[in-house]
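Let's take a walk through a protein chain together. Have a look at the sequence and the 3D view, and then read on.

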Amino acid sequence: MKAIFLTKKGNANSAFEILETQKPICGADQVLIKVECFGLNYAEVMARNGLYGDAPKMPSVLGYEVVGIIES
């Protein structure tokens, strides 16, 4: 599957890359969503700028706000 990864800090035009990745396997208390649309919220913009302390380590797939279909 393909996903949009935050690969480096800085300008949005160069900070993201579309990369191939493994499809996640859900745990007992998780769901897998086939994302149809997403939004970048304030925390994600701050992560891109290197100003959000709780941001995941890069490269990472952001997406705190998504809409889609539950696959599993």
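What follows goes from the whole chain to its sheet, then to a few single residues.

Before anything else, keep in mind that this is a predicted model. The protein chain has 72 residues, and along it you'll find two helices and five strands. If you start at the N terminus and trace your way along, the elements come up in the order β-α-β-β-α-β-β. To get a feel for the dimensions, picture a box of roughly 35 × 20 × 20 Å along the principal axes, which the C-alpha atoms fill.

How much of the chain is tucked away? Just 18% of the residues in the protein chain count as buried. The accessible surface adds up to about 5,400 Å², and carbon and sulfur atoms hold 56% of that. As for charge, there are 7 positive and 8 negative side chains, and the centres of these two sets sit 8 Å apart. The chain also brings together residues from well-separated parts of the sequence: among contacts with a separation of 6 or more, 58% are between residues 24 or more positions apart.

Now for the sheet. Three strands make up an open sheet in the order β2-β1-β4, and the pairing is antiparallel. Because β2 (16–20) and β4 (60–61) each have a single partner strand, they stand at the edges, with one side of each left without a neighbour in the sheet.

Let's look at the two pairings in turn. Strand β1 covers residues 2–6, and five bridges join this strand to β2. You can pick out the facing residues yourself: I4 stands opposite I18 in β2, while A3 stands opposite L19 in β2. On to the other pairing, where β1 and β4 are linked over two bridges, again in the antiparallel sense. Here L6 is the residue to find, standing opposite S60 in β4.

S60 deserves a stop of its own. Is this residue of strand β4 buried or exposed? S60 counts as buried because its relative accessible area is 6%, and the cut-off for buried is under 20%. Leaving aside residues up to four places away in sequence, S60 touches I4, F5 and L6.

Next, travel to the loop between β3 (33–39) and α2 (42–48), where N41 is found. N41 has a relative accessible area of 17%, so this loop residue is buried too. Which residues does N41 touch, not counting those up to four places away in sequence? The answer is Y64 and E65.

Last comes a link between charged side chains. A search of the whole structure turns up one salt bridge. The partners are E71 and K23, whose closest N and O atoms are 3.1 Å apart. E71 lies in the segment after β5 (65–70), whereas K23 belongs to the loop between β2 and β3, so the pair ties together parts that are 48 residues apart in sequence. And how covered is E71? With a relative accessibility of 39%, E71 counts as partly exposed.

If you'd like to retrace the route, begin with β1 and its partners β2 and β4 in the sheet. From there, find S60 in β4, move to N41 in its loop, and finish at the salt bridge between E71 and K23.

Definitions and conventions
Residues numbered from 1 in each chain as written. Predicted model: local features only at pLDDT ≥ 70, side-chain atom pairs only at ≥ 80, totals over all residues. Heavy atoms only, no water. Helix = DSSP H or I, 4+ residues; strand = E, 2+ residues; numbered from the N terminus. Buried < 20%, exposed > 50% of the residue type's maximum accessible area, 1.4 Å probe, protein only. Contact = heavy atoms within 4.5 Å. Areas by Shrake-Rupley, 256 points an atom, 1.4 Å probe, with all protein chains shown as cover. Lys, Arg positive; Asp, Glu negative; His and termini not counted. Charge placed at Lys NZ, Arg CZ, Asp CG, Glu CD. Pairing = 2+ DSSP bridges. Salt bridge = Lys/Arg side-chain N within 4 Å of Asp/Glu carboxyl O.
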